[in-house]
Each structure stands twice: as structure tokens, then as C-alpha cells.
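Biologist: I have this predicted model open and would like to understand the words used for it. Could you take me through the reasoning?

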Amino acid sequence: MTSIDTHHAADVSASTSAAATPTVAVWVSSADHKIVGRLHIGAGLTGLLIGLVLAVLVGFERVDAESYQILDENSATQVLAIARNLLTFGGVLPLLLGLAVAIVPLQLGSRSISFPRLAAGGFWMWLTGLGLMIASIIGNGGPGGGNSDLVDLYLAAYIVMLLGVLMTATSISVTALTSRAPGMGLLRSPLFSWSSFVASVSLLVTVPVLIGTTVYVYVDHRYARAGFGGNKGVNEWIGWATSQPFTYLLAIPALGIALDAVPVLTRRRLVERSIAFVLVGIVAIAGVSAVTQTTVTLPWGGDGFFSGLGTKIADLLPFFLLNVLPVVGILAIVGLVLVSLKEGKPRIAAPLVFVVLGLIGILEGAAATILRTIEDAGLAGTIFETGEYVGITFGSACVAFGGLCYWGPKLWGRRISDKAAIPLALVAFLGTILGSLPYMIAGFADQPAARLNGFSYSGPQELWNALVAVGFLLMLLATVAFIALAVKSFLTGESAGDDPWDGTTLEWATSSPPPADNFADVFVVNSPEPLADMKASSTGKEA
Amino acid sequence: MLALPAAAEPAPRRQIFLGTAIACTAATMLIGGMLATWLQFRAEAPVRESAKRGFIRDWMPENVIVPEVAANMMLIAFCVACVMAQWAVYSAKRQDKTHTSIALGMTAIIGLAAFNAQIFIWTEMGVGARDGAFHSMFYAATASMAFLVIAGVIFTAVAAFRYLGGRTKELEVVSSHALYWYFLTAAFTAVWFVIYVQK
């Protein structure tokens with residue numbers, strides 16, 4: 001099924017041209033996917049910023065393990081929970097979903113996203129839920145909160161926010177399946193579109209399980225408090241959504257950004273395209289693990305390797321499928337990126353630097369997950385898990401920044417200065433590594449994950465925690481500076497032109513920013529890189 | 001701006017049908033996840049001795065009586081709703097406006113009847129959500145199912161309004177609504193077996 005909507009006139013009222021400066025009323029009411037995508041991106045950057053501020057507070061609180069300096073015992077659980085939720089569901093996820101909403105229809109040669117009002121409704125529902133979650137935390141609700149009604153509000157708002165995510169994911173996945181240009185089979189769709197589709201489907205099968213669990217926790221907390229541990233049990237039941245392997249789902253669209261941007265920026269066609277398709281799917285296997293809410297652990301040592309080998313092999317298979325295989329997928333994609341860098345002619349541009357460094361962060365976090373799930377390593381429940389989380393989340397945020405630098409010119413018509421953005425990529429990368437690696441080391445010393453102080457172990461515990469706090473601060477500074485740079489560039493920056501990167505896919509075949517209906521004509525696509533083919537044929541050269 | 005060759009008229013899309021299928025998949029995961037949690041709680045409940053039934057899991061209190069007749073009637077109602085929804089698709093394909101209208105109306109009424117049966121079960125049981133883990137989970141799971149049923153009735157109403165409003169050649173919404181009722185029947189069958197039969 002490769003077809004796109006030719007009856008676009010009906011959507012015009014809902015799709016105001018992104019070229020004109022939209023009024024507040026247009027921002028609020030529009031169902032134009034470019035505007036909805038930009039709303040997601042703007043709100044995601046704001047959520048990321050607030051989440052990072054809270055992460056910095058948590059980071060500095062852990063430096064002195066003897067007493068609370070910034071927070072207090074009552075608020076610690078709440079701040080930990082909302083910081084993670086803001087980074088995951090309030091920051092990185094909407095940032096990547098926003099890029100998908102804005103870019104996927106353009107990449108597929110479609111005039112509009114499928115169910116545009118569903119996508120717009122999804123954004124507002126997500127925003128309402130997130131706002132209510134923050135409000136409930138401020139009023140002493142949320143996990144471990146002291147105000148019972150506001151704990152209920154937190155849970156209800158969580159469900160509303162997740163329903164918003166589902167609505168957006170439905171819109172993206174149906175677009176990828178039904179709105180491709182004629183000739184563009186699913187395997188000819190650009191890799192960012194493919195990865196957005198895979199991530200959306202993964203969200204559609206995992207988030208409902210989270211919603212179901214949250215409904216149970218809500219009803220139990222509001223009425224019975226008999227089975228789910230009251231306010232202290234909230235994180236125990238729904239906390240898996242802000243830890244590994246669920247966070248791998250954030251990395252999937254980030255991998256797609258890398259697989260689309262790097263070949264263009266290295267001027268090398270991705271000859272291993274079909275392999276890349278499979279690799280993105282392999283990473284999504286993590287979704288299966290997330291749904292079962294099971295981390296398959298490997299009992300490795302004890303009485304010798306060969307003792308009970310049959311049982312160990314039986315353990316090894318699910319361990320490999322659920323823990324190792326997604327990491328192998330990420331590792332192989334990093335390999336493809338490195339091959340492109342080696343064999344191509346890389347342009348040292350901001351998107352390339354952000355994407356490559358962000359991928360390293362994701363790989364670091366994902367690879368560490370394998371180590372934690374080896375039972376004999378004794379890392380379960382330690383702060384090692386937070387190190388993994390930071391690697392994957394901050395790494396995905398870095399790649400999303402790269403995606404904004406890459407596709408921002410298409411959406412806003414102006415480009416971000418490479419000279420100003422590249423140092424920010426380096427600072428963000430340093431923040432990612434400093435924010436994760438010392439926690440992994442502290443995890444081996446058994447620093448607990450759930451406590452902000454009251455722990456003690458031999459070794460320079462203050463140094464590890466101080467390094468992490470500095471890492472969080474660097475990431476926060478990089479994010480603030482990136483937002484300021486992006487706002488300045490997109491308002492007054494250098495005009496980008498229609499095809500600033502010499503792109504190969506359909507989004508670069510329309511004007512920057514695109515008109516309301518994206519394209520004047522419906523295209524026939526004969527290869528995965530239709531624009532590159534067309535350029536080659538127009539110059540009479542072999543691509 | 002570069003110009004690519006214009007394409008021929010594309011094949012019709014099936015966006016609503018596909019969107020419904022995806023929504024059904026998500027809702028399947030919702031109900032499946034809730035039933036899995038239910039079974040986990042049931043399996044982990046401690047064993048106790050019952051005067052009537054010997055050693056049993058201390059899960060459902062003995063004073064709770066689930067009205068099984070009403071639950072069975074709900075299951076039958078869902079099966080009939082599927083027949084009605086499929087009748088609507090069949091009639092719509094034949095451009096038979098009268099039969100399509102009757103079939104859509106019957107589907108909605110049966111959906112409302114199923115919802116009514118759910119309320120009857122809650123009322124007849126006479127227990128509150130705050131009485132214990134079984135009770136709160138029972139209400140959470142059955143209310144989620146009831147929410148999906150109400151969504152089905154609204155879907156039927158939308159399909160009926162669109163059809164009666166003159167869009168008689170747009171069959172996709174009618175067939176999508178039928179797909180949703182098939183999903184509801186499958187989902188309720190699972191709920192019926194786990195919650196009303198196995199308890």
C-alpha cells in the first residue's frame with residue numbers, strides 16, 4: 001500500500017501554512033503537522049530543561065551523603081520521580097516525537113500526517129497531563145507524596161499524559177503505513193521514518209500496559225490501599241517506564257536520525273540500508289522486555305562455569321534475546337555510522353557532531369545494561385542503573401539536538417550556526433559521560449539508587465557524586481545555550497535554502513519552510529533516495 | 001525547487017481501518033496487561049482453608065458473589081453485536097440504507113445493554129472498591145473494559161451519523177467499527193474467562 005492523499009483541500013483549514021508566522025490562535029488550533037511538531041519540540045525542550053534543573057539538584061544533593069543540603073527527606077522521592085519523568089516523558093520523548101510528526105510526512109512525500117487532529121489532540125493531552133503532574137508534585141503529590149488527593153491527581157495526570165503519547169504514536173504509525181508516495185514501499189522509506197514507525201508501534205504495545213498498571217495503582221490508592229503499597233508503592237509499579245529497557249525506545253528514533261543524517265553529511269550512500277532496517281527492528285525487541293517488565297538476569301558464576309551448564313544455556317537464551325540483542329543492534333548501527341565517516345567525505349557540521357557523540361552516549365548506557373543484568377555483578381538496585389539511564393537519555397537528547405540542527409532549516413527556513421553549535425555538542429557529550437560513568441563506578445561500590453544520602457562506602461564517594469553533578473550541570477548549560485541558539489538562529493539566522501545539506505530524500509525537494517500542503521505534486525519514487533537519483537539524472541552522472 | 005515526475009492517481013488508503021486496527025492492538029495490550037496483573041495477584045495470594053471448598057487461595061472473599069448470569073449475558077451480547085456490526089458492513093456494501101441504519105442502531109443498543117449489564121453486576125455485587133485488593137482490582141479491570149465498550153458505542157454513533165448524513169459510499173468507517181466490535185468481543189471473552197469464571 002503506497003499511496004498519498006490527493007484530496008488535500010479539506011485539510012487546508014486545519015493546516016495553516018508554516019511559512020507565515022502563526023498567531024497564537026493558529027498555534028493552539030492548528031492541525032498542520034509542522035506546527036504540531038514544532039509545539040512538541042518547543043514543549044519537549046522546556047520539559048528537558050526543567051528535568052535537568054531537577055537532575056542538577058538531585059546530583060548536588062548526593063555529594064554530601066551525611067545530611068540533606070538542598071532537598072529534604074520527604075521531597076526526595078518526589079523529586080527523583082518527577083525528574084526522571086520530565087527527562088523521559090517531558091523532554092526526550094516529545095522532542096523525538098515532535099521531529100517525527102514534523103518530518104515523517106515530508107520524508108514520505110505526503111501532504112499531511114494521518115489523523116492530523118489526533119496528532120494535535122495528542123499534543124494537548126500530553127501537555128495537560130504533564131502540567132497536572134508537575135502541579136501535583138508541587139502540591140506534595142506524586143510518588144511518596146504526603147497529600148493523598150494530589151497523589152491521585154498525579155496518577156490520573158500520568159494516564160492522561162500517556163494517552164496523549166499514544167494518540168501521537170498512532171498518527172505517526174498510520175502515516176508511515178498509508179501515506180507514502182507512490183513507489184515508496186516500506187523498505188524504501190527513509191530510515192528516520194522507519195525508526196519513527198518502529199518506535200511508535202513499540203510505544204503502542206508498551207504504553208497501554210503502563211496505563212493498565214497505573215489504573216490499578218490509582219484505584220487502589222484512592223479507595224483500598226490494599227495491594228499496591230499506597231503512595232510509597234507508586235514507583236515500584238510504574239517506575240519501569242523511566243528505566244531500562246523501556247528507555248531503549250527513546251533511542252530508536254535517535255538511531256533513525258543518525259542513519260538519515262550521517263550518510264548525507266558524509267556524502268556517502270548507505271549501501272547497508274537493508275541491514276540498517278533490520279538493526280532498528282532488533283533494538284525494538286527491547287520493547288518486548290519492557291512489556292514483560294522483566295529483566296532477565298544471568299546467574300553466571302558460583303560453582304564453576306561448567307556446573308549446571310544446561311540450565312545456564314537455558315538462562316542464556318532469554319538473556320541474549322532481551323538484553324544483549326538490542327545492544328548488538330545499537331552497536332552495529334554505530335558501526336555503520338563509523339563506516340560512513342571513514343569511507344565518506346564528512347562535513348564537520350553541527351548535526352554530525354551532535355549525532356555521533358550522542359550515539360556514543362546511547363551505546364555506553366545500553367552496553368552497561370548488559371553488565372547490570374549479570375546477577376553475579378551485584379549491580380541490581382545500585383546507582384549503576386542511573387548511570388545507564390543518563391547515558392541513554394542524555395545521548396538521545398544529544399542526537400535530538402543534532403536532528404534539530406539537521407531538519408531545523410527545513411522547518412524554520414533558517415539554519416543554526418555550526419561554529420556556535422559544535423562546542424555545545426562537545427559540552428553536552430562531556431555532560432553525558434560525566435553524568436553517567438562515575439555513577440557506574442559508584443554502583444560497583446554499592447551506592448544505592450533510591451537514596452539521596454545516608455549511604456557510605458569505601459572509596460571517593462564524594463568525588464564520584466560531585467563529578468556526576470558537574471556532568472548534569474554541563475548538560476543543563478548545553479541545553480540552555482542550545483535553546484537560546486536555536487531560538488536566535490530560527491528567528492534571525494542565515495537563510496537555509498531549500499536543500500542546505502544536499503539531501504537525498506523527499507523533504508529536501510520542497511521549499512524551506514514547506515507550504516501548507518508540503519508538496520505541489522505527488523511524486524513517483526523509484527529508489528530509497530529519490531532526490532539523489534533525480535539530481536544525478538539531471539546532471540547526467542551516475543549517483 | 002527541484003521537480004520530480006508527477007504520479008498517477010494513488011490507490012485508495014485505508015487509514016481509518018488501519019488506525020482502528022492499531023487502536024485495537026493498543027487496547028489489547030491494555031486489557032492483556034491488566035489481566036496479567038490480576039493473575040499475578042491471584043497466584044501470589046496466600047493459601048487458606050475454606051469451610052466450603054477446602055484449601056483455596058485467599059484472593060476473592062467468600063462473601064463476594066459475582067453475578068455470573070449477567071456476565072454470561074454480556075458475552076452473548078458482544079457476540080450478537082458482532083453479527084449486527086457485520087450486518088451493517090454487508091448492508092452498506094449493498095447500498096441498503098435501511099438495513100445499514102437498523103444494523104448500526106442495533107449494534108449501539110446492544111453495546112449499551114452490555115454496559116447496563118456491567119452496571120448491574122457492580123450494583124448486584126454490593127461491594128465497594130475500598131473493601132480490599134480483589135475489589136479495587138475488580139473495579140479497575142471491569143471499568144476499563146466498560147470504558148472501551150462506551151468508546152465502541154460512540155464509534156457506532158459516529159459511523160451511523162456519517163452514513164445517515166449521506167456518506168453512504170464511504171464504507172471504511174462502517175467496516176472499521178465492525179473491526180472494533182470484534183476486538184471488544186475478543187477482549188471481553190478474555191475478561192469473562194479470567195475475572196468472571198476463574199475469578
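Modeller: Happily! Let's begin with handedness: a crossing is left-handed if the near helix is turned anticlockwise from the far one by less than a right angle. In this predicted model, α3(A) passes α4(A) in such a left-handed crossing.

Biologist: Why are α3(A) and α4(A) called roughly antiparallel to each other?

Modeller: Helix α3 (residues 73-107) and helix α4 (residues 116-138) of chain A pack at about 165°, with axes 11 Å apart. Angles over 145 degrees count as roughly antiparallel, and therefore α3(A) and α4(A) earn that name.

Biologist: What makes up the contact between α3(A) and α4(A)?

Modeller: On α3(A), A:Gln78, A:Ile82, A:Asn85, A:Gly90, A:Pro94 and A:Val101 take part, and they meet residues of α4(A) including A:Trp126 and A:Met133. The contact divides into nine nonpolar residues, three polar and no charged; Gly counts as polar here.

Biologist: How are α8(A) and α11(A) arranged?

Modeller: Helix α8 (residues 248-265) and helix α11 (residues 350-372) of chain A pack at about 145°, their axes 10 Å apart. α8(A) passes α11(A) in a left-handed crossing. Among the residues in contact are A:Tyr248 and A:Leu265 of α8(A), with A:Pro351 and A:Gly358 of α11(A). This contact has 14 nonpolar residues, one polar and no charged.

Biologist: And chain B: how does its radius of gyration stand against that of a compact globule?

Modeller: A compact globule of 199 residues would have a radius near 16 Å, but chain B has 21 Å. Its C-alpha atoms fill a box of roughly 75 × 45 × 25 Å along the principal axes.

Notes
Residues are numbered from 1 along each chain as its sequence is written. Chains are lettered from A and ligands numbered from 1 in the order in which they are written. This is a predicted model: local features need pLDDT of at least 70, side-chain atom pairs count only at pLDDT 80 or more; totals for chains, interfaces and linings use all residues. Axes are lines fitted to C-alpha atoms, for helices over the stretch in contact, and angles run from 0 to 180 degrees between N-to-C directions. Helices (H or I, at least four residues) and strands (E, at least two) are DSSP runs, numbered from the N terminus. Two residues are in contact if their C-beta atoms, placed from the backbone, lie within 7 Å. Angles under 35 degrees count as roughly parallel, over 145 as roughly antiparallel, 65 to 115 as roughly perpendicular and the rest as oblique. The radius of gyration is taken over C-alpha atoms; the globule rule is 2.2 Å times the number of residues to the power 0.38.
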